[in-house]
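Take a look at the model below. We will walk through it one region at a time.

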Amino acid sequence: MSEEKSLNFLEEIVADDLQTGRSTNVHTRFPPEPNGYLHIGHAKSICLNFGLADDHGGKTNLRFDDTNPVTEDTEYVESIKADVRWLGFDWEHECYASDYFPKLYEFACALIRKGLAYVDDSSSEEIAAAKGTPTVPGRESPCRNRSVTENLELFEAMKTGAFRDGEKVLRAKIDMSSPNMHMRDPIMYRIRHVHHHRTGDTWCIYPMYDFAHGQSDSLEGITHSVCTLEFEVHRPLYNWYIAKLGIFPTRQFEFARLNMTYTVMSKRKLLQLVQEGFVDGWDDPRMPTISGMRRRGYTPLSIRNFCDRIGVQRRENIIDVGLLEFCVREDLNRIALRRMVVLDPLKMVITNYPAGQTEEMDAENNPEAPDQGGTRKLPFSGELWIEREDFMEVPAKKWFRLAPGAVVRLKNAYIVRCDDFVKNEQGEVIEIRCSYIPESRSGQDTSGINVKGTIHWVSAATAIRAEVRLYDRLFNVEDPSAEGDFKNFLNPSSLDIISQAVMEPSMAEAAPGDRFQFIRKGYFSLDEKLSHSGHPVFNRTVTLKDGWAKEAKKG
RNA sequence: UGCCCGAUAGUAUAAUGGUAGUACGACAGAUUUUGGUUCUGUUUGUCUUGGUUCGAAUCCAGGUCGGGCAACCA
């Protein structure tokens, strides 16, 4: 029964390499720089790299590309490991580019000996000026033809700390007039007298990305090195180092990074949101970070499914955030426990319900999985909370909910008719007065009455209260990065805090990791960071699709 | 006015010279004690101009449009 599943272009390459014998195994790697938190775009890369290997019984390394100690930190290392694990992936080896510093140093010496690298005394500005432009060839450095011996000595001196930051660099001797700017004698090593989060003060010279990444891939025996499109122009240099060094020839392939509507995805911009206080931190539930989405209540499966559905290509793309929401609803619909929660309470009094009487109603925990979900008891009484927006004094067209004279079903309970309502001095409705139909009890309804609307409710006497946080998109334009400062497009109402939502009593037992559907409202889960004993906080992961909102918009 | 990459419904993504399909969205309907879910149906597409071919989304050439490249970042 295997369904015909088409391969993306990378899967095709790998399958083809295996088939032709160009590769005998598949070994990929996920190579984050530990200078920020992982986001949904990284999830695409993670799923791709682990998926590519997994499809063929291969392995995937987790490698930290930690060649720039100025911006990197172990805090990020830990968060990245936690996020990859949470997404459901196990790496083969945990690697660090910094583990290869001695080897990389030897590689550099080897290139010097071959006359393919030289120490340059030029300043950063001089090098930039001599680099030329894409349309104007560069000029060769006066240091370009130093002897091998002198280069070796100088490079050694760089390593032993004889020079200050920026005083010298090691450059590859390639072609200053190459149409590819990356081939114009790229810098291999720079001097940085700074503490590295792993190697401490052992080194004061650090390799550039280009002089570390390909060799790291090669040293680990990576067969297919997958990265994003902006590295495409680096590939000739990647291959040049490998060829000149004569080491295992990893091949690099590029794909288009993920973009999503109403979202920014660059680490730089996300860092800005964190540092300038527009959000609560990297794990703010509004952030597209893995940690933010986890806190928000996203499931790993929903993220993996999303990554599967968006596909992989080389063209620029911007994915509708609605697809992400679809994926999480799809997963949560299957697993979430249904609960009665009123976010914006309005009192309902059932005038003909015997005073002081209570009943217990049976309610399904999950109609999508009746066998596993079971049922629970729901206390009912003559005084309830209902959702304010479920009552309209002057009903709209096609309004199926409460209005003067209208009947609705209280879910899992009785049918009620709205007889009257009470307003305060400000003209706000503060109470709805209804009568119930005793023979309409859920499961034993003999009333013969058909109602079009069913609403949720919570019995007032037994209700518990808790904070609920409603999140909306962080930006109010589809492409915040399109023009101008992206921060101008922040959605001012991306967070709505409800301090006193009323909930059915079973919610007192909510535990971290539980997923709930607050009936008719959306999917929610406990915020593990903000909740403490006696003060639970629930985050809205995503709303339910709202058919009425759509209908109402039509007018 | 250099080099590299790309272009299929609104958004993604298939079709690998042989009927342009799928998902999300939108629209319409059925079911429903969640205006949820589920189900059914409809709608919308090969950037352009030539060429090769019995036949082109696919191969070739020109054009157009979009993206990337000039950090001692990755």
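Which residues point one way from strand 24, and which the other way? On one side come G522, F524 and L526. On the other side come Y523 and S525. Residues of both groups are buried. Keep in mind that this is a predicted model.

Stay with strand 24, which covers residues 522-526. It is mostly covered, with five of its five residues buried. Now look at what runs beside it. Strand 23 (residues 515-518) is joined to strand 24 by four bridges, and the two run antiparallel. Within this pairing, F516 has F524 as its bridge partner. The two strands form a hairpin, with three residues between them. In that turn, R520 has a positive phi of about 70°. Strand 24 also pairs with strand 25 (residues 537-543). That pairing is antiparallel too, over five bridges. Here L526 stands opposite F538 of strand 25.

Next, step back to the loop between strand 22 (495-503) and strand 23, where E504 has its place. Is E504 buried or exposed? Its relative accessibility is 2%, so E504 counts as buried. The cut-off for buried is under 20%. The side chain of E504 makes polar contacts. One joins it to the side chain of R376, at 2.7 Å. Another reaches the side chain of S506, also listed at 2.7 Å.

Now turn to the RNA. How many residues surround RNA strand B? The number is 66, and the closest are E12, R338, R401, S442 and Q517. By class, this surface has 21 nonpolar, 23 polar and 22 charged residues. What part of the RNA faces the protein? Of the RNA atoms within 4 Å of the protein, 61% belong to sugar or phosphate, and the rest belong to bases.

Some single contacts show both kinds of RNA atom. R315 has a polar side-chain atom 2.8 Å from a phosphate oxygen of RNA strand B. S442 meets a base instead: an N or O atom of its side chain is 2.3 Å from a base oxygen. G443 uses its backbone, with an N or O atom 3.2 Å from a base oxygen of the strand. Several elements give two or more residues to the surface near RNA strand B: strand 6 (187-191), helix 11 (300-310), helix 12 (321-335) and helix 14 (547-554).

Which helix gives the most to this surface? It is helix 14, with four residues. Of the eight residues of this helix, the number buried is zero, so helix 14 lies largely in the open. Look at its start as well. There a side-chain oxygen of D546 comes to within 3.1 Å of the backbone nitrogen of W548.

Aromatic rings are the next stop. How many aromatic pairs does the structure hold? There are 26. Take W240 and Y241 as one of them. Their ring centres are 5.6 Å apart and their planes meet at 75°, so this pair is edge-to-face. W240 has 13% relative accessibility and therefore counts as buried. Y241 counts as buried because its relative accessibility is 0%. A second edge-to-face pair is formed by Y414 and Y436, 4.8 Å centre to centre with 80° between the planes. This pair links distant parts of the chain, 22 residues apart. Y414 is in the loop between strand 16 (407-410) and strand 17 (415-423), while Y436 is in strand 18 (residues 429-436). Both Y414 and Y436 are buried.

Rings also gather in a group. Ring pairs link F101, Y105, F155, Y189, W203, Y206, F211, W240 and Y241 into a cluster. Charges can meet rings too. The charged end of K168 sits over the ring of F163, 4.6 Å from the ring centre. R473 lies over the face of Y262, 3.9 Å from the centre of that ring.

End with L170, in strand 5 (residues 169-172). Its relative accessible area is 0%, so L170 is buried. Now find D121, which is 49 residues away from L170 along the chain. In space, the C-alpha atoms of L170 and D121 are separated by 9.0 Å.

Technical notes: Residues numbered from 1 in each chain as written. Chains lettered and ligands numbered in written order. Heavy atoms only, no water. Near = heavy atom within 4 Å. Polar contact = N/O pair within 3.5 Å; in protein donor to acceptor, adjacent residues only side chain to side chain. Nonpolar A, V, L, I, M, F, W, Y, C, P; charged D, E, K, R; others polar. Phe/Tyr/Trp six-rings, centres within 6.5 Å; stacked < 30°, edge-to-face > 60°. Buried < 20%, exposed > 50% of the residue type's maximum accessible area, 1.4 Å probe, protein only. Lys NZ or Arg CZ within 6 Å of the ring centre and 35° of its normal. Pairing = 2+ DSSP bridges.
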